[in-house]
Amino acid sequence: MSETFVVSKSQTPGTSGEEELSQNNSKFLHPAAYTDATKKCRKQWSTLNCNSAQRTGGRQSSTSLSTGERSSVSKSSTTPQSCANTKIVAIVEGRGIARGEIGMACIDIKNPVLLLSQFADTQAYLRLAVQLNVLKPFEVVMPNTSLEHGSKTKLLCRIRELFPEMTTVTVQRKYFNETKGLQYIQELCASEYKTVEIEVSPKYYCLAACAALLKFFEFKQNVTFACNSLKVVYCTSADTTMISMATARHLELVTNELGKVEHCLYGILNHTLTPDCISELIDKEELFYDLKSVIGKFVDTEHLLSLCIQIPKEENVRNCEQKIANVICMKHTLELVKPLRNCLESCSNALFQTYFQILSDERFLKLQEKIGLVIHTDAQWQKGVLNMHMQKCFAVKPNINGLLDVARRAYSESVNDVSDIVKQLEKQYNLPLQVGYSAMCGFFIQIPCKLMPAEKILPQIFLKVNKYKNFITCTTEDLLFPATRCCDSVLLKRKHLFLVYTLQIKLNDRIQESLNEIYLMSDIIINEVLNEIREHIGCLYNLTEAVSSIDFLLSLAHVYTLSDHVRPEFSTSLAIKNGRHPVIEKICGTTFMPNNAFLCEEMNFMILTGANMSGKSTYLKQLAVLQIMAQMGSYVPAEFASFRIADQILTRIGSSSDIEKNYSTFMLQMKEANFVLQHTTEKSLIIMDELGKGCAIAYAICEELLKTKAFVLCSTHFSQLTQLASVYPNVENYHFSVEYILDKTKGCTCNFTHTLTPGPCKEKYYGIKIAEISTLPQSIVLEAKRLVTTWSETRSPDSEDDVSYGENKEKIKLAIHLIQLAQQDTLFDLEGLKEHLRNLQAQFKINTTVSPHSDDI
């Protein structure tokens, strides 16, 4: 191809203007056939940098992108190891009457799975925001038409507004080509996933995004994918629960407000080592520990697959070395398939049996046989640079390539020479010398300080003395890569001394040249092995999925062993007995106070009142977190739990403002409330904490939510909202009680029971009592009490209509309770059911005898 690829990195807030840079010398080229290995080897040997500084290799020929980005967010995809995430996303939106139709494609540099999706979104781009919040890409590719005539499209502005840390890159619109995208899928998709072609063929926009993404990936990474090797998946949002960005932040699902990962839901559940299966893992302790032992030995299989199917456009020593390491890791992974299959053989669960069938695929044995023909039996993945160097050098079996055997013999002799030199120096200077190795310095000599005689002065032969952490490093002429000389003696007084005396320039150079020859000659053989692996790539994708799923299930089972959890049920109601917040329980231990919860279609609105710090916000977040845990397949911290599956979890929590957008606290609350009202469905779970700054608007919002069958939990300090229960039979009032204790020495103190109690909060002006126990001056508290007495209004006595309504509501509650009891017929045996009905009857008589409005609210 002769066309030029134009890339523009859009500015983030805080920078000026848009920058578009034409890459005249950068083109998308297909990798040339590797035909003349010997000539290529000679070229690489002559240009190799022994310090391995050329980590980007051939990618340096590609032009760099705009440098106008802020350093905090300017992340290049050529260095994914420095980024928190390694995903790249391409997004395109329809124009004209198709505006709002979004096509999206995503690929992870370390996971060779191409995710495609196309959906109709709202004007606020809610679904796109949720998708990006889950994927967290570090680069978003969009067509340059997003910046037409110097103005940004609404989609681009929305992405920048919600995700200011993401880098947006614009490319020419012609690369968003649906025909090219379909060709990519036909050529690159693995045979096991070819059916996705039928699903995405009519999806114009996701195919266009696919074409631009893969083109951009080739350009930035300087690699191509092998034919029939990529896993392509079309994702839809059907049968999934949508959790907005604000909800995920307020509920502290992935990180808490202080940025601590361990004190959030993810930190509690994350015990991964890389149909209820969990109950089988819990019941069979031996199975749990056997699986945990095997799973812990797996390497990053997704990243390994990604490296195996990517073909570098330019071969160099680093790429050759990486391929050898990949094959060794693949051999290590395949050897774990049989132990993992044996662990699952006795499992009765259908999902585990499915994984057992996946691991019984004959292709795993074929791959092991293919690798075993050329890779040494003892070659295995090991930790440590020197250990892996040795494994990679001798990975290929002997007698396959004569020149390779000669190079390895030369390498072994050079390493033996290093050992001999160190022994000679040890005897000559009477020093406890040891051989060490690092990727940057090669072989060197190290002297542990604890073995070094006190006040010992190093001889002049040790050069270039440097201090590194708690060690001192130095070299000599004989044992070093090329470097400047420095003739300083050093007095060893450190607690730990790590003295480096690197081996001769000629010797380390000779070792490095031998290594390069070994890698480049081994590459010819390794490429044949990789081609064999790519032919059976489908079973490896299945293996990756099985390992990650089993690891996830083990993590959930591990959570159960740490605390008292129960298996949740799914019904038409939300019923929790003695539920606990998993994160706070971990922090507080046994001091956390459990509480009950009940919502159903006939009683779907709960209003919470109570003093500040009584536990209202924690309770609301607790219910949302338990809902998420249940729907993800986890056991939940409670004695009993039943949930209605929610299609959305929407929240309005917090009282922050937004200075950048000029939003006050009240304005931000109203926008969040409007967002909830617009997206509420009959199956939603809605959390409203401290709604509004005015009683009237809060009352109106609650009435609007009451028109739906969504489960709503609302906390408030407005006592007028509790009157909704007098108008709507599906509204229930609850409060968190606080005990006020008068002490002659300490004055008034508060005991926060954190116990959920039926009915509205009976205590008036609890804010003054909270202020009284604080450090607020006593004169201010007394003045507040005087003003309250002056402003207080007498409440009119209950009318006969109010009493009659209270009796009718108690009858409605009894009927709802009986209906729910009939649906949950497995909760009680016959005698237990009789006892429960007698208690219901007694409670009903008490509630209908006492007026529900006898207490002042």
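This report describes helix packing, salt bridges and the surroundings of one leucine in a predicted model.

## Packing of H4 against H6

Two packed helices are described by the angle between their axes and the distance between the axes. For helix H4, which spans residues 178-188, and helix H6, which spans residues 204-221, the axes come within 7 Å and cross at roughly 70 degrees. An angle from 65 to 115 degrees counts as roughly perpendicular, and H4 and H6 are therefore roughly perpendicular to each other. The crossing in which H4 passes H6 is left-handed.

On the H4 side, the contact is made by Glu178, Lys180, Gly181, Leu182, Tyr184, Ile185 and Leu188, and these meet Tyr204, Leu207, Ala208, Cys210, Ala211, Leu214, Lys215 and Glu218 of H6. Sorted by class, the residues of this contact between H4 and H6 comprise 10 nonpolar, 1 polar and 4 charged.

## Packing of H10 against H19

Helix H10 covers residues 285-295 and helix H19 covers residues 537-562, and their axes come within 10 Å while crossing at roughly 130 degrees. Since this angle falls in none of the parallel, antiparallel or perpendicular ranges, H10 and H19 are described as oblique to each other. The passage of H10 across H19 is a left-handed crossing.

From H10, the residues Phe288, Leu291, Lys292 and Ile295 take part, and they meet Val547, Ile550, Asp551, Leu554, Ala557 and His558 in H19. The contact of H10 with H19 is made up of 7 nonpolar, 1 polar and 2 charged residues.

## Surroundings of Leu553

Leu553 also belongs to helix H19, and with a relative accessible area of 10% this residue is buried, because the value lies under 20%. Once its neighbours within four places in sequence are set aside, Leu553 is in contact with Cys277, Ile278, Leu281, Leu351 and Phe352.

A further relation links Leu553 to Ser634: the two residues are 81 residues apart in sequence, while their C-alpha atoms are 8.5 Å apart in space.

## Salt bridges

Side chains of opposite charge can pair when their charged atoms come close. Across the whole structure, a search finds 20 salt bridges. One of them joins the side chains of Glu93 and Arg99, with an N to O distance of 3.9 Å, which satisfies the criterion because the cut-off is 4 Å. The partners in this pair are set in contrasting surroundings, for Glu93 counts as buried at 9% relative accessibility, whereas Arg99 is exposed, with a relative accessible area of 51%.

Another salt bridge lies within helix H12, which spans residues 317-335, and its partners Lys331 and Glu335 are 4 residues apart, about one turn of the helix. The closest N and O atoms of Lys331 and Glu335 are 2.7 Å apart. Lys331 is buried, with a relative accessible area of 10%, while Glu335, with a relative accessible area of 37%, is partly exposed. Elsewhere, salt bridges that share partners join Glu192, Asp361 and Arg363 into one network. Within that network, the side chains of Glu192 and Arg363 meet in a salt bridge with an N to O distance of 2.4 Å, and Glu192 counts as partly exposed at 33% relative accessibility.

Key. Residues are numbered from 1 along each chain as its sequence is written. This is a predicted model: local features need pLDDT of at least 70, side-chain atom pairs count only at pLDDT 80 or more; totals for chains, interfaces and linings use all residues. Side-chain values use heavy atoms; hydrogens and water are left out. Axes are lines fitted to C-alpha atoms, for helices over the stretch in contact, and angles run from 0 to 180 degrees between N-to-C directions. Helices (H or I, at least four residues) and strands (E, at least two) are DSSP runs, numbered from the N terminus. Angles under 35 degrees count as roughly parallel, over 145 as roughly antiparallel, 65 to 115 as roughly perpendicular and the rest as oblique. A crossing is left-handed if the near helix is turned anticlockwise from the far one by less than a right angle, and right-handed if clockwise. Contact means heavy atoms within 4.5 Å. Ala, Val, Leu, Ile, Met, Phe, Trp, Tyr, Cys and Pro count as nonpolar, Asp, Glu, Lys and Arg as charged, and the others, Gly among them, as polar. Buried means under 20% relative accessible area, exposed over 50%, partly exposed in between (1.4 Å probe, protein chains only).
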